[in-house]
Amino acid sequence: MLMDTHVHLNAEQYETDLSEVIQRALDANVQKMIVVGFDRPTITKAMELVEQYEFLYAAIGWHPVDAIDCTDEDLQWIEELTAHPKVVAIGETGLDYHWDKSPKEIQQEVFRKQIALAKRVKLPIVIHNRDATDDCVRILIEEHAEEVGGVMHSFSGSVETAKICIEKLNFIISLGGPVTFKNAKMPKKVAAEIPLQYLMLETDAPYLTPHPFRGKRNEPSHIPLIAQEIASLKEITVEEVAKVTTENAHRLFYKIK
């Protein structure tokens with residue numbers, strides 16, 4: 001069995017053919033998927049989807065790009081929703097210094113509030129980090145995120161950073177489509193050198209489509225391509241990658257049945 005630990009089935013890109021996308025995932029042995037909501041509309045849609053499909057679960061949080069729009073009422077709403085048995089994580093949250101919509105200090109404040117929220121409700125954290133690694137790791141350490149653990153979603157950092165996240169923060173490293181890109185030296189190095197028990201699989205679909213489908217819409221049925229690349233880099237079987245990464249996901253997202 002395979003699991004897509006980060007997918008946006010609540011995105012508008014799937015409005016016309018969602019049931020077919022989900023069926024293709026199931027046909028590819030991707031039997032469980034975590035739908036990520038990161039603002040009011042996407043969280044609402046994620047909650048609708050987990051009610052509709054027994055094998056879908058939700059991670060809910062507030063995206064750093066939109067941190068400037070996040071209110072205490074929004075965070076209270078998210079906290080209330082975590083009582084739902086199929087809400088398995090807080091996020092995606094974190095820092096994004098690539099876009100300039102939300103000032104860094106506001107992003108950091110909203111990030112710290114969501115770490116505190118995750119600790120209150122005892123759920124792991126899904127981290128979005130773009131061009132902000134030092135601040136992201138520093139804040140996670142300062143806020144003692146290791147108490148709940150989490151995942152570095154779509155990880156693009158170094159082996160050294162991955163080891164800090166694993167050893168100091170009790171985090172798992174999640175790899176997606178970029179590990180299949182020919183020029184993606186860092187993700188390939190991480191996949192090869194980080195022990196399998198600290199890795200998970202994701203698509204981040206509809207984004208980050210793996211080779212050989214780059215340029216097209218991504219979907220969770222592509223998880224086997226990511227598993228195959230990691231197996232090749234580690235010189236192990238795809239079956240072992242599937243087994244261990246799924247076990248890792250169940251261990252982190254403990255509410256998944």
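## A walk through the fold

Helix 7 passes helix 8 in a crossing that is right-handed. That's our starting point, and keep in mind as you look that the model is a predicted one.

Let's stay with these two helices for a moment. Helix 7 covers residues 185-193 and helix 8 covers residues 223-234. Their axes come within 8 Å of each other, and they cross at roughly 65°. An angle from 65 to 115 degrees counts as roughly perpendicular, so helix 7 is roughly perpendicular to helix 8. Which residues do the meeting here? From helix 7 you have K188, A191, A192 and E193, and from helix 8 they meet E229, I230, L233 and K234.

Now let's head for the inside. In soluble globular proteins, nonpolar side chains tend to be buried together. In this model, the largest nonpolar core has 74 residues. If you want to find its busiest members, look for L9, L56, I78, L140, F171, I173 and L175, which have the most contacts inside that core. Pick L56 and see what surrounds it: leaving out residues up to four places away in sequence, L56 touches L9, I22, M33, V35, L49, V50 and K86. Apart from the largest core lies another one, made of 15 residues, and M3, A59, V88 and A89 are among them.

Next come the charged side chains. How many salt bridges does a search of the whole structure find? The count is 18. One of them pairs D72 with K113, where the closest N and O atoms are 3.0 Å apart. D72 lies in helix 3 (residues 72-81) and K113 in helix 4 (residues 104-121), so this pair ties together parts that are 41 residues apart in sequence. Are the two partners buried or exposed? D72 has a relative accessibility of 48%, so it counts as partly exposed. K113 has 30% relative accessibility, so K113 counts as partly exposed too.

Helix 5 (residues 133-142) gives you another kind of pairing, with both partners in one helix. R138 and D135 meet in a salt bridge through their side chains, at 3.3 Å from N to O. These two are 3 residues apart in the helix, so about one helical turn separates them. R138 also forms a salt bridge with E142, with the closest N and O atoms 3.3 Å apart. R138 and E142 are 4 residues apart, which is about one turn of helix 5. At 33% relative accessibility, R138 counts as partly exposed, and E142 is partly exposed as well, with a relative accessible area of 39%. Zoom out a little and you'll find a network of salt bridges that links R112, D135, R138, E142 and E143.

Time to visit a proline. P64 is found in the loop between strand 3 (56-60) and helix 3. Is P64 buried or exposed? Its relative accessibility is 1%, so P64 counts as buried. Look at what is in contact with it, leaving aside its neighbours within four places in sequence: E92, T93, G94, L95, D96, S102, Q107 and H128. For a sense of scale, P64 and Y254 are 190 residues apart along the chain, and their C-alpha atoms are separated by 25 Å.

E92, one of the residues in contact with P64, has something else to show you. The peptide bond from G91 to E92 is cis, with omega near 20°. E92 itself lies in strand 4 (residues 87-96). Another cis peptide bond joins A205 and P206, this one with omega of about 15°. P206 sits in the loop between strand 8 (199-201) and helix 8.

That loop holds one more thing to look at. D204 is in the loop between strand 8 and helix 8, and its phi is near 60°, a positive value in a residue other than glycine. With 9% relative accessibility, D204 counts as buried. N29 has a positive phi as well, about 70°, although it is not a glycine. You'll find N29 in the loop between helix 1 (18-27) and strand 2 (30-37). Unlike D204, which counts as buried, N29 is partly exposed, with a relative accessible area of 32%.

How values were computed. Residues are numbered from 1 along each chain as its sequence is written. This is a predicted model: local features need pLDDT of at least 70, side-chain atom pairs count only at pLDDT 80 or more; totals for chains, interfaces and linings use all residues. Side-chain values use heavy atoms; hydrogens and water are left out. A nonpolar core is a set of buried Ala, Val, Leu, Ile, Met, Phe, Trp, Tyr and Cys residues joined through side-chain atoms within 4.5 Å. Buried means under 20% relative accessible area, exposed over 50%, partly exposed in between (1.4 Å probe, protein chains only). Contact means heavy atoms within 4.5 Å. A salt bridge is a side-chain nitrogen of Lys or Arg within 4 Å of a carboxyl oxygen of Asp or Glu. Axes are lines fitted to C-alpha atoms, for helices over the stretch in contact, and angles run from 0 to 180 degrees between N-to-C directions. Angles under 35 degrees count as roughly parallel, over 145 as roughly antiparallel, 65 to 115 as roughly perpendicular and the rest as oblique. A crossing is left-handed if the near helix is turned anticlockwise from the far one by less than a right angle, and right-handed if clockwise.
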